[in-house]
Amino acid sequence: MSAAGENLRIDGDRLWESLMEMARIGPGVAGGNNRQTLTDADKQGRELFARWCEEAGLTMGVDKMGTMFMTRPGTDPEALPVYIGSHLDTQPTGGKFDGVLGVLSGLEVVRTLNDLDIRTRHPIVVTNWTNEEGARFAPAMLASGVFAGAIPLEHAYGRTDLEGKSFGDELERIGWKGAEEVGARKMHAYFEYHIEQGPILEAENVEIGVVTHCQGLWWLEFTLTGKEAHTGSTPMNMRVNAGLAMARIMEMVQEVAMAAQPGAVGGVGQVQFAPNSRNVLPGTVVFTVDIRSPDQAKLDGMRAAIEARAAQICAALGVGCAIEPVGHFDPVTFDPTLVERVRAAAEKLGHSHMNLISGAGHDACWAAKVAPATMIMCPCVDGLSHNEAEDISKEWASAGADVLFHAVVETAGIVD
């Protein structure tokens with residue numbers, strides 16, 4: 001076996017054209033994408049990806065969570081595959097690159113190997129994980145969580161969206177429920193390429209993020225129960241105001257996160273009022289607190305503080321308070337050997353690089369529980385993501401994909 005020479009590069013134009021063609025499926029209202037999981041747009045995106053993979057000579061497997069595994073065979077039938085993965089689903093107001101860059105760069109790795117007639121000892125599997133975003137069905141990274149054994153399959157099937165539709169039913173509806181048992185596959189290694197979703201790489205003028213760790217997180221769904229009442233005729237001292245309790249909890253989350261600095265974040269991104277009328281105090285408020293840290297002790301301490309102080313806030317206002325954890329994973333340390341392989345590939349190719357801790361969750365966080373795993377990141381403009389204005393350059397995309405190519409090929413082993 002030998003290593004790929006530094007002159008070998010992926011086809012950056014072809015990668016970019018694939019990204020733009022996928023972006024035409026599930027267009028957003030402001031230039032991005034709305035291709036939420038298990039929608040008709042998701043189905044169309046899957047079909048396009050499957051066609052491209054078939055044209056590249058890959059064979060498809062689909063598990064019971066709808067995750068797509070596209071395999072290029074290796075020369076050694078006993079060798080475990082090297083996986084490259086990410087996701088094609090988006091936020092409701094998502095960008096063109098979050099997740100999609102990683103999946104289509106994996107396909108581009110295979111296309112380049114085909115172009116160069118390079119054989120590898122280990123098979124290579126390009127993966128599209130179902131419901132990474134968690135925007136429609138909580139929690140995020142749902143399919144990879146089931147794959148890692150952290151989430152029961154039936155629990156995943158029972159998750160519902162805001163319209164009450166279940167994950168299991170919607171997976172059946174779009175025709176992408178496979179027969180393969182979830183988690184039955186074994187991995188030699190797992191790579192994930194992603195936009196940074198933060199401002200550090202661009203601010204430092206660095207091309208490649210070598211991801212060493214991923215923050216742990218808790219999503220805590222609060223259901224506050226007050227009393228619906230007229231906002232104009234109910235005296236202030238006679239109100240049971242679930243909205244006021246929510247506001248005080250949101251401020252408290254900010255205080256807890258600031259007290260845990262450095263290396264901790266917390267906030268609220270989704271709120272539902274009922275009945276959500278201008279002149280009615282809410283009887284019910286449902287919202288999710290998102291807290292993250294790469295430090296396990298900080299993460300656990302933040303959760304304990306938030307739950308204790310929320311109970312005090314609600315008791316003082318006479319508001320009922322129920323808290324359900326709807327998403328969680330512990331902080332992740334990525335495999336040192338694979339991390340070093342990414343760093344070596346960046347150096348060999350002459351790309352500037354730096355260590356990063358991922359602030360966002362990724363399927364790699366669950367994959368790391370069952371196999372050696374790591375991530376590569378490229379900059380994004382102004383660090384903006386989960387936004388239709390999300391943007392990267394063709395040069396950034398290509399640089400990271402080149403690093404991915406070399407790290408994957410080094411791991412899969414070239415056959416002379």
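Start by selecting helix 8, residues 242-259, in this predicted model, and pick out Met-250, which has its place in that helix. With a relative accessibility of 32%, Met-250 counts as partly exposed, because the partly exposed class runs between 20% and 50%. Add Val-271 and Phe-273 to the selection, and you have the three residues that make a nonpolar surface patch of about 210 Å².

**The largest pocket**

Next, select Gln-91, Glu-133, Gly-134, Ala-135 and Trp-219, which lie nearest the centre of the largest pocket among the 49 residues that line it. The space in this pocket comes to about 1400 Å³. To see which strands take part in the lining, colour strand 7 (216-225), strand 9 (265-274), strand 11 (284-293), strand 12 (320-329) and strand 14 (353-358), each of which supplies at least two residues. Which strand gives the most to this lining? It is strand 9, with seven residues. If you colour the lining of the largest pocket by class, you should find 18 nonpolar, 20 polar and eleven charged residues.

**The second largest pocket**

The second largest pocket has a volume of about 230 Å³. To centre the view on it, select Pro-139, Ile-151, Val-326, Gly-327 and His-328, the closest to its centre of the 18 residues in its lining. Strand 7 and strand 12 are the elements that give two or more residues to the lining of this second pocket, and the largest share, six residues, comes from strand 12. Coloured by class, the lining of the second largest pocket shows 13 nonpolar residues, three polar ones and two charged ones.

**Two cis peptide bonds**

Stay with Pro-139, which is found in the loop between strand 4 (124-128) and helix 4 (142-147), and show the backbone that leads into it from Ala-138. The peptide bond joining Ala-138 and Pro-139 is cis, with omega at about 5 degrees. Then move to Pro-275, in the loop between strand 9 and strand 10 (280-281), where a cis peptide bond joins Ala-274 to Pro-275 with omega at about 10 degrees. These bonds merit a look because most peptide bonds are trans.

**Two positive phi values**

Which value of phi does Gln-197 have? Phi of Gln-197 is near 65 degrees, a positive value in a residue other than glycine, and you will find this residue in the loop between strand 5 (189-195) and helix 7 (200-204). His-386 can be inspected in the same way: its phi is near 50 degrees, again positive in a residue other than glycine. His-386 lies in the loop between strand 15 (373-378) and helix 12 (394-412), and its relative accessible area of 39% makes it partly exposed.

**Salt bridges**

For the last part of the tour, show the side chains of the charged residues; a search of the whole structure finds 20 salt bridges. Select Arg-9 and Asp-402, whose side chains meet in a salt bridge with an N to O distance of 3.6 Å. Arg-9 lies in the segment before helix 1 (12-23) and Asp-402 in helix 12, so this pair ties together parts that are 393 residues apart in sequence. Are the two partners buried or exposed? Arg-9 is partly exposed at a relative accessible area of 36%, whereas Asp-402 is buried at 7%.

Now select helix 6, residues 167-173, where Arg-173 and Glu-170 both lie, three residues apart and thus about one turn of the helix from each other. The closest N and O atoms of their salt bridge are 3.1 Å apart. Arg-173 is partly exposed, with a relative accessible area of 42%, while Glu-170, at 7% relative accessibility, counts as buried. Extend this selection to Asp-40, Arg-136 and Asp-161, which are linked with Glu-170 and Arg-173 in a network of salt bridges.

Finish in helix 10, residues 336-349, where Glu-340 and Arg-343 are three residues apart and so separated by about one helical turn. The side chains of Glu-340 and Arg-343 meet in a salt bridge at 2.6 Å, N to O. Of these partners, Glu-340 counts as partly exposed at 41% relative accessibility, and Arg-343 counts as buried at 16%, because buried means under 20%.

Methods: Residues are numbered from 1 along each chain as its sequence is written. This is a predicted model: local features need pLDDT of at least 70, side-chain atom pairs count only at pLDDT 80 or more; totals for chains, interfaces and linings use all residues. Side-chain values use heavy atoms; hydrogens and water are left out. Patches are made of residues with over 30% relative accessible area and no salt bridge: like charges are joined within 9 Å, nonpolar side chains (Val, Leu, Ile, Met, Phe, Trp, Tyr) within 5 Å. Accessible areas come from the Shrake-Rupley method with a 1.4 Å probe; for residues, only the protein chains shown count as cover. A salt bridge is a side-chain nitrogen of Lys or Arg within 4 Å of a carboxyl oxygen of Asp or Glu. Helices (H or I, at least four residues) and strands (E, at least two) are DSSP runs, numbered from the N terminus. Buried means under 20% relative accessible area, exposed over 50%, partly exposed in between (1.4 Å probe, protein chains only). On a 1 Å grid over the protein atoms alone, a cavity is a set of points where a 1.4 Å probe fits but cannot get out, and a pocket is an open set with protein on both sides within 12 Å along at least five of seven lines; lining residues have an atom within 4 Å of a point. Grid points are joined across faces, edges and corners, and a volume is the space filled by probe spheres set on the points. Ala, Val, Leu, Ile, Met, Phe, Trp, Tyr, Cys and Pro count as nonpolar, Asp, Glu, Lys and Arg as charged, and the others, Gly among them, as polar.
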